[in-house]
Amino acid sequence: MSDEKTALADYEVTQAREIGGVFRSKGEVLPMTVRQAKYYLPPYGTGLKPVAGKGAAKPKTNDAKPAAAADKVSA
């Protein structure tokens with residue numbers, strides 16, 4: 001699996017309910033993968049919203065990998 005699919009992001013509980021087998025209170029912040037949160041976010045479901053900030057951002061790609069590949073070609 002790629003890091004993008006397994007990277008954790010923060011989500012806030014907007015509706016008290018069971019999430020991931022545990023009852024969660026409104027306002028709790030949970031670290032989850034995009035795949036885990038998918039069914040609690042619109043259009044599939046309700047109960048979570050992404051938290052604005054560092055955790056909710058999409059993971060950045062590693063820019064060093066393409067540069068390293070380019071160095072090998074020119075060497």
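In the predicted model, strand S1 (residues 8-13) is joined to strand S4 (residues 29-33) by five bridges, and the two strands run antiparallel. Within this pairing, Ala9 is found opposite Met32 of S4. Strand S1 also pairs with S5, again in the antiparallel sense, through three bridges, and here Glu12 stands opposite Lys49 of S5. In general, the strands of a sheet pair through backbone hydrogen bonds, in either a parallel or an antiparallel manner.

Taken together, these pairings give an open sheet of three strands in the order S4-S1-S5, with antiparallel pairing. Because S4 and S5 stand at the edges and each has a single partner strand, one side of each is left without a neighbour in the sheet. On average, and with direction ignored, neighbouring strands of this sheet are turned by 45 degrees against each other.

The two faces of strand S1 can be told apart by their cover, since Ala9, Tyr11 and Val13 form the covered face, while Leu8, Asp10 and Glu12 form the uncovered one. In a regular strand, side chains alternate between the two faces of the sheet. Glu12, which belongs to the uncovered face, is the residue that stands opposite Lys49, whereas Ala9, which stands opposite Met32, belongs to the covered face.

Ala9 can also be related to a residue of a loop, Val51, which is placed between S5 and helix H3 (64-74). The two residues are 42 residues apart along the chain, and their C-alpha atoms are separated by 8.1 Å. Val51 has a relative accessibility of 23% and therefore counts as partly exposed, given that the term buried is kept for values under 20%.

A further loop, between helix H2 (34-37) and strand S5 (48-50), holds Pro43. The peptide bond that leads from Pro42 to Pro43 is cis, with an omega near 5 degrees.

For the protein as a whole, three helices and five strands are found, and along the sequence they follow the pattern α-β-β-β-β-α-β-α. Of the 75 residues in the protein, 17% are buried, and the accessible surface comes to about 5,800 Å², with 56% of this surface belonging to carbon and sulfur atoms. Among the contacts in the protein with a separation of 6 or more, 43% are accounted for by residues 24 or more positions apart.

Technical notes
Residues numbered from 1 in each chain as written. Predicted model: local features only at pLDDT ≥ 70, side-chain atom pairs only at ≥ 80, totals over all residues. Heavy atoms only, no water. Helix = DSSP H or I, 4+ residues; strand = E, 2+ residues; numbered from the N terminus. Buried < 20%, exposed > 50% of the residue type's maximum accessible area, 1.4 Å probe, protein only. Pairing = 2+ DSSP bridges. Axes fitted to C-alpha atoms, helices over the stretch in contact; angles between N-to-C directions. Contact = heavy atoms within 4.5 Å. Areas by Shrake-Rupley, 256 points an atom, 1.4 Å probe, with all protein chains shown as cover.
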